Amino acid sequence: LPAVTKALAQWVFSHPYNTKRPEVTVVKYLQPFQLSPETLQEVSARLRKDLLRGLGKHSHHKAPVKMLPTFVRATPDGTEKGDFLALDLGGTNFRVLHVRVEEEAQKVLKMDSQICAIPQEMMLGTGEQLFDHIATCLGDFLESHNLKGQTLPLGFTFSFPCEQLEIDKSILIRWTKGFNCSGVEGKDVVQLLKEAIHRRGDYHIGSVAMVNDTVGTMMSCGYKDQSCEIGMIIGTGTNACYMEEIKNVKRIEGEDGRMCINTEWGGFGDDGCLDDILTEFDVEVDKTSINPGVHIFEKMISGMYLGEIVRLVLVKMTKDKLLFKGQISEALGTRGLFETKFISEIEDGLENAKKILTELGLDWSLVDASVVRLVCDTISSRSAYLCAAALATLVNRIRNNRKLGHLKTTVGVDGTVYRKHPTFSSKLQKAVRLLAPQCDITFLVSEDGSGKGAAMVTAVAYFCASILIQWMV
C-alpha cells in the first residue's frame, strides 16, 4: 500500500502518460466535486429558503422543493395493533406484504411478502396496464396466503412525487426513476388502484393510507424510537420527510399540532440555484437523463446517477491520456455500464477495484486502480456531504420551530447507498454534526420502512379514526 500511495503522489504531480503537461492532473478533475464547509452551509441556507417557498400558500406551486403535506399528523405511540396489507411501489419491482403490529411485544412483524417484477415495457406503457398488474399481484398474494376472505386496511407506499389531498387521496405530480406510464400524472393513484381492483371483482380491501417511502421509513423507526421525527432515503433516489408545525403549512387549515411533510428535496436546484456547484459531468448526466432539468439535487447524489458520474470522469481522464494508456474499453464507453454498486465495491478494497476494471475490459496499472478509487471516494463523499447539508437544514428548522437551544432527535434512514457504501453513513453523520452543532442526532436504519412503515401509517390513521368515532358516539 505505501508503494501505491507513493506512486499515486508522483502521478498527481507529473503523470507518466503526459509528461509534457504536468499541470493536467487528477486534481483538475476532482477539485470541482470538493465542497468546502462554507459552501455546504450556503447550500443549506438555499434549501432553507426553498422550504419556506414550498410551505407557502401562494408560492408552493412554483417551488422546486414541493413540501407536500402527507396528512400524517402523528408518529406511533406504541399502542397500535392489528393486521394490515402493504403495497410498496418505487422501482422495477414492487412488493405485497402482510404485516402484523403487536402492541404487547412492541413489534411490527412481516408475516408474508411477495415480490412482483414490473417489465420495462410496462414502466413506459399505460397506467391502466400498470395498476391492473398491481391488482393481479395483490389478488394472487391474498389467494396464496388465505387472506382473500378478509378485508384488511392497506398502506400504499408510492415513491413518486405526489400532491396528497387526504390520507387516501394522492395526485401524481410526475414520474421519476425511469417510469413514464401514460394517464397517471395528474390523477389520484389511490383511485386508480381501487378501479383496478374493482375490475377484477374477486376481492376487497379496507381503508387505504397513501404513504411516501420516506414517511414509511420514519414511521417504522418511530414505533421503536418515539423521538424519530425525520425519515430519509438515500438509494436509487433521495428524499426526506419531517414533522412540521401545522401553523407553518399555509395551504392547510389549522394552527395546532404537527404534520409530516414530504419535502421532495430531490427537486432542489431545479430552478438553477445549484448551478454554481454543478460540474460538467453533472450537466451531462442531466442532459442524457429521461427528465432533463428535473431533480437536479437527486442527480448529484443518488444511486441511480453516481455510477454514471464516475464513468464520465473516467472517460474524460482516459481521453486525455491520463488513465488506461488512453484506451477506453467498450464497457467504459457505454452509458449505464459503470454501476453505482461498483463505487462501494471499489472503495472497499484495491483488489475489488482491480477485479472490476478487468471485468470492464480495461488495461489498468496499479496507479490507475488507485486513481479510480480516489475518483469514487471523491464523488461518493460529495453525495454524503450534500445529504448532510440538506439534513442539517431540517434538524435546524425543527429546533428553531420549537424555540429550543438544543434538539435531540432521531432520523430513520433507508436506501442502498446509505446501507451498503462502506463510509457514506459515517461521512454524512460527521458532516451533519458540524453543520447542525446544536442538534444531537441519532440515526436509526429502517427495517423495511416501505413495507412495515406503510402498515404503521395505516395503523396510526386507523386507530386515530377509531378513537374519533368512539369519542363522537
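1. In this note a residue is called buried when its relative accessible area is under 20%, exposed when that area is over 50%, and partly exposed in between. By this criterion Phe158 is buried, and Phe160 is buried as well. Please keep in mind throughout that the structure is a predicted model.

2. The two phenylalanines just named belong to a wider set of aromatic contacts, for a search of the whole structure finds 11 aromatic pairs. In the pair formed by Phe158 and Phe160, the ring centres are 5.0 Å apart and the planes stand at 55°, so this pair is tilted. Phe160 also pairs with Phe179, and there the centres are 5.2 Å apart with the planes at 70°, so the arrangement is edge-to-face. This second pair links distant parts of the chain, since Phe160 lies in the loop between strand 5 (154–158) and strand 6 (162–166) while Phe179 lies in the loop between strand 7 (169–172) and helix 6 (189–200), 19 residues apart. Both Phe160 and Phe179 are buried. Taken together, ring pairs link Phe156, Phe158, Phe160, Trp175 and Phe179 into a cluster.

3. One member of that cluster, Phe156, also takes part in strand pairing, because it is the residue of strand 5 that stands opposite Leu87. Strand 2 (82–89) and strand 5 run parallel and are joined by five bridges. On strand 3 (residues 93–102), strand 2 has an antiparallel partner, with eight bridges between them, and one of the bridge pairs is Gly82 with Val101 of strand 3. The connection from strand 2 to strand 3 is a hairpin through three residues. Six of the eight residues of strand 2 are buried, so this strand is largely enclosed by the rest of the structure.

4. A separate point concerns the open sheet, which is formed by six strands in the order 1-11-10-9-12-13 with mixed pairing. Strand 1 and strand 13 (439–445) stand at its edges, and each has a single partner strand, so one side of each is left without a neighbour in the sheet. For strand 1 (residues 68–69), the partner is strand 11, and the two pair in the antiparallel sense over two bridges, with Leu68 standing opposite Asn262.

5. Which residue of strand 11 is the bridge partner of Cys241? The partner is Asn262, the residue that also stands opposite Leu68. Strand 10 (residues 238–245) and strand 11 run antiparallel and are joined by five bridges. Strand 9 (residues 228–234) likewise pairs with strand 10 in the antiparallel sense over five bridges, and here Gly231 stands opposite Cys241. Four of the five residues of strand 11 (residues 258–262) are buried, so strand 11 is largely enclosed by the rest of the structure. Helix 7 (residues 213–222) lies across strand 9, strand 10, strand 11, strand 12 (407–414) and strand 13, and runs at about 130° to strand 9.

6. Two residues deserve a look at their backbone geometry. Phe71 has a positive phi of about 65° although it is not a glycine, and it lies in the loop between strand 1 and strand 2. At 15% relative accessibility, Phe71 falls under the cut-off and therefore counts as buried. Lys325 has a positive phi of about 55°, and it too is not a glycine. Lys325 is placed in the loop between helix 10 (303–319) and helix 11 (340–347), and its 48% relative accessibility means that it counts as partly exposed.

7. The last point is the packing of two helices. Two packed helices are described by the angle between their axes and the distance between the axes. For helix 12 (residues 350–359) and helix 13 (residues 366–401), the axes come within 9 Å and cross at roughly 105°, and the two helices are therefore roughly perpendicular to each other. Helix 12 contributes Leu350, Ala353, Lys354 and Leu357 to the contact, and helix 13 contributes Leu366, Ala369, Ser370, Val372 and Arg373. By character, these contact residues divide into six nonpolar, one polar and two charged. Gly349 is found in the loop between helix 11 and helix 12, and at 16% relative accessibility Gly349 counts as buried. The C-alpha atoms of Gly349 and Ser370 are separated by 9.9 Å, although the two residues are 21 residues apart along the chain.

Methods: Residues numbered from 1 in each chain as written. Predicted model: local features only at pLDDT ≥ 70, side-chain atom pairs only at ≥ 80, totals over all residues. Heavy atoms only, no water. Axes fitted to C-alpha atoms, helices over the stretch in contact; angles between N-to-C directions. Parallel < 35°, antiparallel > 145°, perpendicular 65-115°, else oblique. Contact = heavy atoms within 4.5 Å. Nonpolar A, V, L, I, M, F, W, Y, C, P; charged D, E, K, R; others polar. Buried < 20%, exposed > 50% of the residue type's maximum accessible area, 1.4 Å probe, protein only. Pairing = 2+ DSSP bridges. Phe/Tyr/Trp six-rings, centres within 6.5 Å; stacked < 30°, edge-to-face > 60°.
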